[in-house]
Amino acid sequence: MNTESYWSIFINASLVNNFVLAYFLGICPFMGVSGKMETASKMGGAVTFVMLISSVCAYGIHALLVAINAPFLQLISYIVVIASTVQLVEMFIKKMSPALFRALGIFLPLITTNCAILGLALFQTNKGYDLSQSLVYALGAGAGFTLALLLMAGIREQLEFAEVPNVVKGTAITLLVAGILSLTFMGFSGLG
Amino acid sequence: MNQYENIKKGTTGSSKKMLIAMVGIGVFCALLIVLTYEGTKERIGTLKDEALEKAVFNVLPGITKTRIYEMTSEGTFIPSDGLDRSKTVVYAGFDHSDTFKGVAIEASGQGYADVIRILYGYDPFSQTVVGFYVLESKETPGLGDRIGKDANFQSNFKALSVKLTPDLTQIENKVIPVKEGGKSQPWEVEGITGATISSRTVGNILGESTAIMVPLIYHQRDSFNVNSD
Amino acid sequence: MSAGITKNPQIKAVPSSTDEFIKGLWRDNPVFVQVLGMCPVLAVSNTAQNALAMGLATAFVLLMSNILVASLRNFIPKQVRIASYILIIATFVTIVDYAIQAISVDLHKNLGAFISLIVVNCLILSRAEAFASKNTIGKSIMDALGMGVGFVFALFCLGAVREILGNGTFFDISLFPDSFQEWIIMILPAGGFFTLALWLVLFNIYKIKQA
């Protein structure tokens, strides 16, 4: 049983325990697509969307697994169900709204197996959230992910004009910036 | 590259083969998982019980046995296996002569970084909180996590007063957090400088949990029995 | 995830199996060179013990899934190969999860959800897809061992630095006199980013010197 308020869940997931900067979830896309603001915002939107879907899926599966008393199938069913649901949604969007598909579509298959998505499903189960709490948690996590991605993209766009020493170029400088961002996000602790 | 072509050749689009492969792998995987689960279940159970016992023994000094009770919706306590996660459970402690000594209660609240889960021991005979243990916290290492280590902070919970009012319906003075060095009453929890929010959270969690649980347990203190069903 | 697969064009088919082993250890080290599987590398490398446990768990899953994928490589149809790999990987991760719980509850608590998250570690799927699905069982075992040991080594490098500086201990043994002020930041999330960045810089310096 968990009686956390929606506001506290949202703040916690988006700022205090930011998925990227405090839990290190979704680092791969964070490094990969944070080069430009535009792709970063689209990626953020797609991740938030997939998080909401998988949050509902995970809630349903968990209830089912508790009912049939098979906790050992948790991980395997989470990953299979989430991946296939997102695939279905992708096909649905492609058919219903080609414009939306062009904006988000190419990211969808990339992120179904992203650790942030599975992490969200596992954390919400561990915390014992009910359905509406889970959805707020997913929304907060998605917002936090988008925020981190946008901040990073903004900095990296500027970084292109900076003279970076050869030895730090590439991943190293991105990690250093991420570290500094992570430090600033620590200032949000105590808000929840 | 010839092996790659091998794969290609073997799979000329027959969906029957796809189905057989997926079902075959699925059955094999399920079998492996169930075997591991059954093989490790017992040991994991014992280890978890041991960890819990350690925590309960920690907050209720002098006990040698513990038993799980769950709270019903009417606020009474019945023996339980503790498996239903949606129920509030308490752990009754008994000494070597099977005398009921007190109850360990779980409580939680939002700390500095994330939710803090604690266990505290309540002795209904002296009407005090007699022990405190951090079950789970992600507080800042070296600062907030001192709530689990700081000796001065721990000494708050040797005899923290949760005395009931004379009509025995509620706590006379709610447990409240105060600043380090500011403790003047037996129901105050003295905080830690440098871990202000974390230590204040612990005080508040205790204040809220004791206000509900202590009157309930005090009235039923005779129903906790090592052998009853 | 697939970013990791496309990112390493430098992986070439190497004939001898000793080479398969060495490449993962050093030249194509999964963490320092390929920068794969970052989540666990950063998240649970706050002490040497956690890092070692996490590294071994990942290496085990990598080895077992590589063996299974390589032995089933002619049986799994191409269209459903990724789904099959994920099923296989998820199975071994579940097994590791229960094994760690059975070894120590405390260790399981420290590693938390990150054991389950081995499933989505880019490293494992990329080895299954890029290597084990095209090579013999023997070679796949060597590949998994090399990559696995390389991963453990990298995690251990991070964990050791973070624990020594951030906590003043190494495998819970106190190293410094009491007057040592711990660099708490090193065991915080930010410290993970900084430590990994510094190791990458060291690797870059080494590479530039060699060239």
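A residue counts as buried here if 20 or more other C-beta atoms lie within 10 Å of its own, with the C-beta atoms placed from the backbone. Keep that in mind as we walk through this predicted model, beginning with chain A, where buried residues make up 47% of the 192 residues.

Let us stay with chain A for a moment. Its secondary structure consists of nine helices and zero strands, so if you trace the chain from the N terminus the elements read α-α-α-α-α-α-α-α-α. The C-alpha trace spans about 60 × 45 × 30 Å along its principal axes. How does the radius of gyration of chain A stand against that of a compact globule? For 192 residues such a globule would come out near 16 Å, and chain A has 17 Å, which agrees. The contacts inside chain A also reach across the sequence: of those between residues at least 6 apart, 81% join residues at least 24 apart.

For a closer view of how two of these helices meet, find helix H4 (residues 74-96) of chain A and helix H7 (residues 115-127) of chain A. Their axes come within 11 Å and cross at roughly 125 degrees. Because of that angle, H4(A) is oblique to H7(A). The crossing in which H4(A) passes H7(A) is right-handed. On the H4(A) side, the contact is made by Tyr78(A), Ile79(A) and Ile82(A), while H7(A) brings Ile117(A), Leu118(A) and Ala121(A). Which classes do these residues fall into? Six are nonpolar, none is polar and none is charged.

Now turn to where chain A meets chain C. Here 33 residues of chain A are in contact with 34 residues of chain C. On the chain A side, at least two residues each come from helix H2 (27-32), H4, H7 and helix H9 (171-186). H4 and H7, the pair we have just looked at, are thus met again on this side. H9(A) gives the largest share, nine residues. By class, this side of chain A has 24 nonpolar residues, nine polar ones and no charged ones.

Chain B offers another picture. It has four helices and nine strands, and from the N terminus on its elements run α-α-β-β-β-β-β-β-α-β-β-β-α. What radius of gyration does chain B have, beside that of a compact globule of 229 residues? The globule would be near 17 Å, but chain B has 25 Å. Along its principal axes, the C-alpha trace of chain B spans about 85 × 45 × 30 Å. Buried residues account for 34% of its 229 residues. As for reach along the sequence, 54% of the contacts in chain B with a separation of 6 or more are between residues 24 or more positions apart.

Chain B touches chain C as well: 26 residues of chain B are in contact with 24 residues of chain C. Two elements of chain B give two or more residues to this side, namely helix H1 (2-10) and helix H2 (15-59). Which of them supplies the largest share? That is H2(B), with 17 residues. The side of chain B that touches chain C has 14 nonpolar, eight polar and four charged residues.

Methods:
Residues are numbered from 1 along each chain as its sequence is written. Chains are lettered from A and ligands numbered from 1 in the order in which they are written. This is a predicted model: local features need pLDDT of at least 70, side-chain atom pairs count only at pLDDT 80 or more; totals for chains, interfaces and linings use all residues. Axes are lines fitted to C-alpha atoms, for helices over the stretch in contact, and angles run from 0 to 180 degrees between N-to-C directions. Angles under 35 degrees count as roughly parallel, over 145 as roughly antiparallel, 65 to 115 as roughly perpendicular and the rest as oblique. A crossing is left-handed if the near helix is turned anticlockwise from the far one by less than a right angle, and right-handed if clockwise. Two residues are in contact if their C-beta atoms, placed from the backbone, lie within 7 Å. Ala, Val, Leu, Ile, Met, Phe, Trp, Tyr, Cys and Pro count as nonpolar, Asp, Glu, Lys and Arg as charged, and the others, Gly among them, as polar. The radius of gyration is taken over C-alpha atoms; the globule rule is 2.2 Å times the number of residues to the power 0.38. A residue is buried if 20 or more other C-beta atoms lie within 10 Å of its own, exposed if 12 or fewer, and partly exposed in between; C-beta atoms are placed from the backbone.
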